[in-house]
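Biologist: I would like a close look at a single part of this model, namely its aromatic rings and what surrounds them. Please go slowly, as a first-year student will be reading along.

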Amino acid sequence: MAHDSTVLLPLVNVPMIDYTLAWLESAGVEEVFVFCCAHSKQVVDYLDNSKWFDQPNFSVTTIESHNSVSAGDALRLIYERNVINGDFILISGDTVSNMLLAQALREHKERRRKDSNAVMTMVVKQSKPSSVTHQSRLGTEELIIAIDPDTKQLLYYEDKADHLKGTITLDKVLLADNPSISLHNDKQDCYIDICSPEVLSLFTDNFDYQHLRRHFVKGLLVDDIMGYKIFTHEIHSSYAARIDNFRSYDTISKDIIQRWTYPLVPDVQFFRSCATKLERQGMYRASGVRQSRSAQIGPFSVIGNGTTIGDNTVISNSVVGEGCTIGSNVSIEGCYIWHTVTIEDGCKLRHAIVCDGVLMKSGAILEPGGVLSFKVVIGQQFVVPAYSKVSLLRQPIKQDSDEELEYADEGSGIVETPCNFWKLCFLS
């Protein structure tokens, strides 16, 4: 499991990495290696002090590397350490899923038994909303893949469809070698991969492999000599998604609140001492909330433990974290308020993110698309314009290289102007 410290950011009041670990544990995984690079100390400290190390039949080991700048570097280091000798699941720590792994693993092992070149099984799903999972698009680019309809072998993978101006070029050898091909533009890559140990040695033999998709997957698809094969496993009624930009953060938060990710929902305990109850219309309230009788909390909202809410305040379609103080006559709509935030009387916030420790003084307004990073103070009556990102630290202009560990690339919609949303939230 590879990632940087963005996995500690709260997703419906729980650090993202807890969803990933809870899913792996529920799916029967017994051993997890968490590969940490940038800001690794914070991730290691969090895990050291969490309950994950006390779970029976579930071991979590952290591997730190300050020199790894890509997924390729991480996999080469894991190969050197010789900690993985069998099939393994490769994911990033910002994955929310409730899929059962058993069937996909069974298919993978069965294929390997018949064909030792079948080194990887990639989980995909329908990207158009379905009535079963309801899942919506996540703001990532359109993916075009070609699959052998009988064997489910992946034959073509291109996630830059918009650069191709509506045309794609298939090698005629592909058409000559495969009697039937299904071409899809309605599938979503879940970035959940079941890998054989050969994947590690392939990265070690090819030092130019950095990205998992752009280099490894595409490299294997065009390499005729070695004959390695990648297969797909499509999930239908399960949920799986990755959070790598604001739109996917917003979409997945709403999906969690609306229970599409069950059992990973706010009222099921993630080792929390405080019970959160599901009330009418998808409203969740922790037991330690102090709320004025005249305050209105609308549907699809989550209020964290130890938060106080003043008179005539209206909150709808929002997540409010733990230990927040919200004054009177405040209006909060479609927002993500993290922990220990203070919002004084008469403030208005719409469709925005407010990180830990922010203070908004009375009458301040946060317009849609705004992000207030850690410990920012907004003065009385001040209006923060739409799409502003406010931080105490100067933001890097250049994207941090550890972003590559998240299967990212420069065109994946991860960098948001004027600066990367995740880096902004984390660095400050």
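Which charged end sits over the ring of Y191, and how many Å from its centre?

Modeller: This is a predicted model, in which local features need pLDDT of at least 70 and side-chain atom pairs count only at pLDDT 80 or more, while totals for chains, interfaces and linings use all residues. Residues are numbered from 1 along each chain as its sequence is written, and side-chain values use heavy atoms, with hydrogens and water left out. The charged end over the ring of Y191 belongs to R242, 5.1 Å from the ring centre; a charge sits over a ring if NZ of Lys or CZ of Arg is within 6 Å of the ring centre and within 35 degrees of the ring normal. In the case of F207, the charged end of R76 sits over the ring, 4.7 Å from its centre.

Turning to rings that meet other rings, a search of the whole structure finds 7 aromatic pairs, where rings of Phe, Tyr and Trp (its six-membered ring) pair if their centres lie within 6.5 Å, and planes under 30 degrees apart count as stacked, over 60 as edge-to-face and the rest as tilted. Among them, F203 and Y209 have ring centres 5.7 Å apart and planes at 70 degrees, so this pair is edge-to-face. F203 is buried at 0% relative accessibility, and Y209 is buried at 10%, where buried means under 20% relative accessible area, exposed over 50% and partly exposed in between (1.4 Å probe, protein chains only). Y249 and Y336 also form a pair, and because their planes stand at 70 degrees, with centres 5.1 Å apart, it is edge-to-face. Together with W338 and F374, Y249 and Y336 form one aromatic cluster.
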